[in-house]
Amino acid sequence: QAAQAPAGEAETLTVSGAFALFPMMTLWGEQYQAVNPAVRFDITGGGAGKGMTDMLSGVADIAMVSRELKQEEIDQGAFGVPVTIDAVVPTVNANNPYIDEILATGLTPEKAAAIWMNQGTTTWGQLLGTDAAENITVYTRSDAAGAAEVWAKYMGGAAQEDLLGTAVNGDPGLAEAVRQDELGIGYNNIGFAYNLETGEQLEGLRVIPLDLNGDGQISADEDFYATKDGIAAAIAARQYPFPPARELYLVTKGEPTPAIAELYRWILTEGQAFVTDAGYVTLSPERIEEALGLSGQ
C-alpha cells in the first residue's frame, strides 16, 4: 500500500486494472478529489489480470477487477469489495450483410459456444440457418480480461482460455476490430458498446440480443438494447442474465488502509449517485450494506 503522505501533502492512490471499471473509477476519482483535495489518483486500464498483478506486487494500491476473485488470489491476500454492476454484450459490425437476421434471431449460450468455443459454426449461414457462405471473423481478448472470462462462463466455459478467435488487446481495441470488419463478431463491456454521451449504440457496432427463452427469435420483451439506459434497466431488473452481467470489484492486498476504506465508504454512498449516468448499474441496497461491512465501515 502507498505510504501515508506527510501532513499537508496529497496522498496519491494508484489504481490499475479492468477496462470495464476504468470509466467509472475515473469519474469517481474526479468527484472524490473535488471534495477531498488531499487525495490524488493515478488510474490506468490494462485489464483485470494486470490490475491484480500490479496490486499484489505493490505497484498499485487498488486493482479494478471485473470478475469473481480466484482462490489463488485470495490466498495471496486479495481483498475485494463490490462497487457496481455492468455486463458484457456480444457485438457485430453494423454493416454486416445479414444484420437484420442476426438482430431478429439473437444468440443463445449454445449458439455462442459454437462460434467462440467449439467452432462448430464457422459461417454466417450456419449461424442463421441459411446458405450464406461468408466466414464469421471471431474476435476475443488477448489481455487477461474479466470480460472474456464472464463471456466464457455465459457459454458454459470456465475461463478466458476457453475462447477461440483473433485475439485483440483491450476493450476499445476489440470494439474497433469489429467496427473495421463487416464479417466480425466480438464482445464488449456496455461502456465500450454504447456512446456514453448520447446513450446510443456505438457508431459502426450493433449489440446482438440474447435469445433468453431459446425460441430462435427476439421478442419485444427480449429487445432492450437500443440505448445504454435500456440495457442498464434490464440488468438491474435481472432480465439480462448473470453472467454475462456481473459485479465489478475494487481489490486491495489485505484489508483496505484507512484512506482507501474512506474512499470505499464514499463510493458506496454518495458515489452511487454517479453510477447510472455513467452507464453502470447500482448495487442493491442489501449488497451495498454488505460491501460497507467488508470495507470496514
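User: In this predicted model, is K153 buried, partly exposed or exposed?
Analyst: The model is predicted, not experimental. Buried residues fall under 20% relative accessible area and exposed ones over 50%. K153 has a relative accessible area of 36%, so the residue is partly exposed.

User: Which residue does K153 meet in a salt bridge within helix α7, and is that residue buried or exposed?
Analyst: The side chain of K153 meets that of E149, with N to O at 3.4 Å. The two are four residues apart in helix α7, which puts about one helical turn between them. The relative accessibility of E149 is 7%, and the cut-off for buried is under 20%, so E149 is buried.

User: Which residue joins E149 and K153 in a network of salt bridges?
Analyst: E149 and K153 form a salt bridge with each other. Their network has one further member, and that residue is K70.

User: What is the N to O distance in the salt bridge between R287 and E247, and how far apart along the chain are the two residues?
Analyst: The side chains of R287 and E247 meet with N to O at 2.8 Å. This pair links distant parts of the chain, with R287 in helix α12 (residues 285-294) and E247 in strand β9 (residues 245-253). E247 is buried, at a relative accessible area of 14%. The distance is 2.8 Å, and the separation along the chain is 40 residues.

User: Which residue of helix α12 forms a salt bridge with R287?
Analyst: The partner lies three residues from R287 in helix α12, about one turn of the helix. It is partly exposed, with a relative accessible area of 46%. The closest N and O atoms of the pair are 2.7 Å apart, and the partner is E290.

User: How many salt bridges does the model count?
Analyst: A pair counts when a side-chain nitrogen of Lys or Arg lies within 4 Å of a carboxyl oxygen of Asp or Glu. The R287 and E247 pair, at 2.8 Å, is one of them. The count comes to 13.

User: In which sense do β1 and β2 pair, and what is the hand of the crossover between them?
Analyst: Strand β1 (residues 11-17) and strand β2 (residues 39-44) are joined over six bridges, and the bridge partner of L13 in β2 is F41. The chain crosses from β1 to β2 through helix α1 (residues 22-35). The pairing is parallel, and the β-α-β crossover is right-handed.

User: Which residue of β3 stands opposite V15?
Analyst: β1 also runs parallel to strand β3 (residues 62-65), with three bridges joining them. Five of the seven residues of β1 are buried. Opposite V15 in β3 stands I62.

User: Which elements do the buried residues of α5 pack against?
Analyst: Helix α5 covers residues 109-116, and its buried residues are A112, A113, A114, I115 and W116. These pack against α6 (124-128), β5 (137-141), α7 (146-154) and β7 (184-189).

User: Where is A144, and which residues beyond its sequence neighbours are in contact with A144?
Analyst: A144 sits in the loop between β5 and α7. Its relative accessible area is 43%, so A144 is partly exposed. The C-alpha atoms of A144 and N169 are separated by 9.1 Å, though the residues are 25 apart along the chain. Leaving aside neighbours within four places in sequence, the contacts of A144 are G47, A48, G49 and Q160.

Note on methods
Residues are numbered from 1 along each chain as its sequence is written. This is a predicted model: local features need pLDDT of at least 70, side-chain atom pairs count only at pLDDT 80 or more; totals for chains, interfaces and linings use all residues. Side-chain values use heavy atoms; hydrogens and water are left out. Buried means under 20% relative accessible area, exposed over 50%, partly exposed in between (1.4 Å probe, protein chains only). Contact means heavy atoms within 4.5 Å. Two strands pair if DSSP finds at least two bridges between them. A crossover is right-handed if, with the strands pointing away from the viewer, the path from the first strand over the helix to the second runs clockwise.
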